[in-house]
Amino acid sequence: MAAELRKLREVKGLTCAEVGEQLGVSASKISRMETGVSGLQHEDVAVLLGFYKVPAARRTELLDLLRRGDQKGWWERQANLPSIWRAVIDFENKARRIQNYENMVVPGLLQTGEYAAAMLQGLDSTLSPVELDNLVASRIARQTLLTRSNAPQFLAVIHEAALRVPIGGAGVMVRQLRRLMELGEYRNISVRMLPTSAGATAGLRGPFMILEFAEEPALVYAENQDTAMFQEEEVDLAGYRLALRNILNVSLAPDATAEWLSATVAEMTA
C-alpha cells in the first residue's frame with residue numbers, strides 16, 4: 001500500500017511537500033506513509049486517494065486491502081477459507097521471492113477483484129453470493145504483501161492463452177491487462193508473457209509456484225483440476241527450476257511484455 005501511495009503521487013508529478021501543503025499536513029507525514037515507517041490510517045489513505053482522484057472502484061479496492069492487510073494472519077481467521085488457501089497465503093507472506101508460472105489464468109496475486117470473481121464463479125457455479133464475496137476478498141487481501149515495506153520479489157510468467165481467454169468479458173479483461181501493466185512497473189514485480197508462438201514448452205505440464213525463504217528450504221506449490229500439493233524435495237525443486245528456466249528462455253522480456261499488453265489493450269478497445 002505504501003508503494004502504491006508513492007506511485008500515485010509521482011504520477012501526478014507532485015512532491016511530498018506539495019501534497020502536504022494542499023492537505024494541511026507535514027511533508028514528513030506524507031513521506032512516512034509512503035515508506036511504511038508509520039502505520040497507515042484508513043482516513044488518511046482515503047483522503048490521499050481522493051486527492052489523487054483515484055477512480056471509485058480502485059479506491060474501494062485499495063481501502064479494502066488496507067483494512068484486511070492490517071490484520072496480522074487475517075487468513076487464519078477468515079471463515080470458510082479453504083485450508084489449502086490458508087497454507088499458500090501463509091507461505092507467500094513468509095517468502096522473500098516468489099516465482100509463479102500460469103498457463104490458463106492470471107496469477108492470483110495480480111488479479112483484479114472483478115476478474116477473480118468471474119474466474120471463481122466459472123470454476124464453481126454453486127458458490128453463493130456470500131461465499132463468492134468472501135473468496136474474492138481473501139484473494140484481493142493476499143495482494144497486500146506485494147506493496148508492504150518488506151515485499152518479496154515476485155516474478156509472474158503468464159502464457160499468452162491466459163491473457164486472451166475473455167474471463168468476465170472484454171471490459172474485465174481490458175482492466176485486468178491494464179492492471180498487469182501497472183503492477184509491472186513496481187520494482188519488486190516482474191511480469192513476462194510466454195507467447196503461443198513458442199509452441200511446445202515445459203509450461204505445457206501446468207502451472208506452478210516456487211517460493212524461497214530467508215531461513216527455510218524453498219518449496220513448490222502445484223495444482224491441477226482435483227489436487228494441490230507442496231513439494232520440497234531437492235530433486236523436485238530442481239525439476240521445476242529447470243522448467244522455469246526453459247520457459248523464461250522463450251518468454252518476452254518485461255519491457256516487451258508491457259508493449260504487448262499495451263498493444264493488446266489498444267486492439268481490444270478499438
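Trainee: Why does Glu4 count as buried?

Mentor: This is a predicted model, and in it Glu4 has a relative accessibility of 4%. Buried means under 20% relative accessible area, so Glu4 counts as buried.

Trainee: How do you know that Arg58 and Glu4 meet in a salt bridge?

Mentor: The N to O distance between their side chains is 3.5 Å. A salt bridge requires a side-chain nitrogen of Lys or Arg within 4 Å of a carboxyl oxygen of Asp or Glu, so the pair qualifies. Arg58 lies in helix α5 (residues 56–69) and Glu4 in helix α1 (residues 2–11), so this contact ties together parts that are 54 residues apart in sequence.

Trainee: Is Arg58 buried or exposed?

Mentor: Arg58 counts as buried, because its relative accessibility is 15% and the limit for the term is under 20%.

Trainee: What makes the contact of Glu61 and Arg58 a salt bridge?

Mentor: Their side chains meet at 2.4 Å, N to O, and the definition asks for a distance within 4 Å. Glu61 and Arg58 are 3 residues apart in helix α5, and therefore about one helical turn separates them. Glu61 also counts as buried, at 18% relative accessibility.

Trainee: Why is the pair of Arg241 and Glu212 called a salt bridge?

Mentor: The closest N and O atoms of Arg241 and Glu212 are 3.7 Å apart, which satisfies the condition of within 4 Å. Arg241 lies in helix α11 (residues 234–249) and Glu212 in strand β4, so the pair ties together parts that are 29 residues apart in sequence.

Trainee: Which term describes the relative accessible area of Arg241, and which describes that of Glu212?

Mentor: Arg241 is partly exposed, with a value of 25%, because that term covers the range between under 20% and over 50%. Glu212 is buried, with a value of 8%. Both residues belong to a network of salt bridges that also includes Arg96, Arg97 and Glu234.

Trainee: What makes strand β1 mostly covered?

Mentor: Strand β1 spans residues 97–102, and 5 of its 6 residues are buried.

Trainee: How do you know that β1 pairs with β4 and with β2?

Mentor: Two strands pair if there are at least two bridges between them. With β4 (residues 208–212), β1 shares 5 bridges and runs antiparallel; one of the partnerships joins Gln99 to Ile210. With β2 (residues 153–159), β1 shares 6 bridges and runs parallel; there, Ile98 stands opposite Phe154. Both counts satisfy the requirement, so β1 pairs with each of these strands.

Key
Residues numbered from 1 in each chain as written. Predicted model: local features only at pLDDT ≥ 70, side-chain atom pairs only at ≥ 80, totals over all residues. Heavy atoms only, no water. Buried < 20%, exposed > 50% of the residue type's maximum accessible area, 1.4 Å probe, protein only. Helix = DSSP H or I, 4+ residues; strand = E, 2+ residues; numbered from the N terminus.
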